[in-house]
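Student: I should like a close look at a single part of this model, namely how its helices pack against one another. Please take me through one such region in detail.

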Amino acid sequence: MGRNPTKCIDKPYCDKRKEAAKRDDSLNSREGAAEKLGISASTLADYELGITTPSPENILRMSLHYHCPELRNYYCVHECPIGDYDATPVDILDLDRIVIKLMHTLCGVGEMKQQLLDITEDGIVDEVEKVAMLKIYRNLDKMIADAQNLKCWIDKNLKEV
């Protein structure tokens with residue numbers, strides 16, 4: 001098999017393995033990667049080609065051996081039926097971009113806190129307050145995404161391989 005399988009171009013499990021192979025030559029081949037992951041090369045090929053979905057345990061192993069925390073997020077957002085409902089995709093940016101986005105989102109925390117207190121004070125959420133609650137909901141999603149981005153950046157750049 002060649003070093004750049006064309007059938008897996010733009011397939012995240014293959015792309016992340018090839019990216020990791022720049023740091024660890026044993027990941028250049030499916031056979032070497034499969035050995036590290038404790039699975040067969042054909043199973044890894046099925047994952048990389050999108051024929052089968054990896055188990056959560058194998059995603060964790062790939063994430064660890066490829067030094068790629070965003071694979072966990074990819075799985076949760078795109079593969080896991082529960083994540084389809086509630087997972088927020090991450091896009092690991094440069095640290096300064098992540099921090100700026102997070103700080104911008106956090107600037108509104110005081111206002112959200114006051115709105116929540118005002119809304120819940122009487123124990124009833126009226127139609128006007130529902131609109132405010134939906135805005136708070138969207139802001140919480142932004143905070144979650146920004147925090148997840150920062151966590152992935154830290155996992156990728158500060159934790160030991």
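Tutor: Contact here means heavy atoms within 4.5 Å. The model is a predicted one, and the part chosen is helix α3, which spans residues 41–49. Two packed helices are described by the angle between their axes and the distance between the axes.

Consider the packing with helix α1, residues 12–20, first. The axes of α1 and α3 lie 6 Å apart, at an angle of about 115 degrees. Because angles of 65 to 115 degrees count as roughly perpendicular, α1 is described as roughly perpendicular to α3. From α1, the residues Y13, C14 and R17 take part, and they meet L44, Y47 and E48 of α3. By character, this contact comprises 4 nonpolar and 2 charged residues, with no polar ones.

Helix α2, residues 30–37, also packs on α3: their axes come within 8 Å and cross at roughly 105 degrees. That angle makes α2 roughly perpendicular to α3. On the α2 side, the contact is formed by R30, E31, A33, A34 and L37, while α3 contributes A41, L44, A45, E48 and L49. The residues of this contact divide into 7 nonpolar and 3 charged, again with no polar residue.

Taken together, the two contacts give a picture of α3 itself. L44 and E48 serve in the contact with α1 and also in the contact with α2. Y47 is listed among the residues of α3 that meet α1, whereas A41, A45 and L49 are among those that meet α2.

Methods: Residues numbered from 1 in each chain as written. Predicted model: local features only at pLDDT ≥ 70, side-chain atom pairs only at ≥ 80, totals over all residues. Heavy atoms only, no water. Axes fitted to C-alpha atoms, helices over the stretch in contact; angles between N-to-C directions. Helix = DSSP H or I, 4+ residues; strand = E, 2+ residues; numbered from the N terminus. Parallel < 35°, antiparallel > 145°, perpendicular 65-115°, else oblique. Nonpolar A, V, L, I, M, F, W, Y, C, P; charged D, E, K, R; others polar.
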